[in-house]
Every structure is written in C-alpha cells, then in structure tokens.
Amino acid sequence: AYGYAWALTFYLAETQPEKYAQYVRRVSQRTHFRDYTSQMRVEDFARIFGNDLADLEARISRFLLE
C-alpha cells in the first residue's frame with residue numbers, strides 16, 4: 001500500500017500541483033478527531049480529481065514508466 005500511496009502522491013504533485021494543493025487544503029480543513037469514512041475520502045478526492053479512477057491509474061502507470 002505504501003508504494004501505491006507514494007506513486008499517487010508523486011504523480012499528483014508533479015503533474016497537477018495546484019489541484020494537489022487544493023486537495024491537501026480541503027482534507028486539512030476537516031474537523032480533527034471526527035469520523036472520516038472511506039466514502040467521504042473518495043468523495044473529497046473525486047471532487048478535486050474526478051471519478052474516473054481507471055483512467056487515473058493508467059495515467060500514473062504511463063508516467064512512472066517514462
């Protein structure tokens with residue numbers, strides 16, 4: 001899981017730094033010590049980066065293989 005998280009973070013920071021910063025700000029503004037379910041996490045991510053996770057995965061793979 002660590003490798004996938006690293007790859008996603010690296011890809012977003014390198015290719016979409018403004019959106020990545022927007023996402024980090026959004027997550028950091030959540031109330032601390034409150035439930036943050038997986039559904040809520042996906043919704044936050046999709047709000048910034050879109051819902052097409054298969055396309056995102058393909059773009060990350062291409063990026064990392066270059």
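**Surface patch, W6 and Q16**

Trainee: Which residues form a nonpolar patch on the surface, with about 460 Å² of accessible area together?

Mentor: This is a predicted model, where local features need pLDDT of at least 70, side-chain atom pairs count only at pLDDT 80 or more, and totals for chains, interfaces and linings use all residues. Residues are numbered from 1 along each chain as its sequence is written, and side-chain values use heavy atoms, leaving out hydrogens and water. Patch members have over 30% relative accessible area (Shrake-Rupley, 1.4 Å probe, only the protein chains shown as cover) and no salt bridge (Lys or Arg side-chain nitrogen within 4 Å of an Asp or Glu carboxyl oxygen), with nonpolar side chains joined within 5 Å and like charges within 9 Å. Here the members are Y2, W6, F10 and L64.

Trainee: Which element gives the most to the nonpolar patch?

Mentor: Helices are DSSP runs of H or I, at least four residues long, numbered from the N terminus. The top contributor, with three residues, spans residues 2-15 and is helix 1.

Trainee: Is W6 buried or exposed, or in between?

Mentor: W6 lies in helix 1. Buried means under 20% relative accessible area and exposed over 50%. Because its value is 45%, W6 counts as partly exposed.

Trainee: And Q16, buried or exposed?

Mentor: Q16 sits in the loop between helix 1 and helix 2 (17-28). Its relative accessible area is 15%, so Q16 is buried.

Trainee: Which residues does Q16 touch?

Mentor: Contact means heavy atoms within 4.5 Å. Leaving aside residues up to four places away in sequence, Q16 touches Y11, F49 and R59.

Terms used:
Helices (H or I, at least four residues) and strands (E, at least two) are DSSP runs, numbered from the N terminus. Buried means under 20% relative accessible area, exposed over 50%, partly exposed in between (1.4 Å probe, protein chains only).
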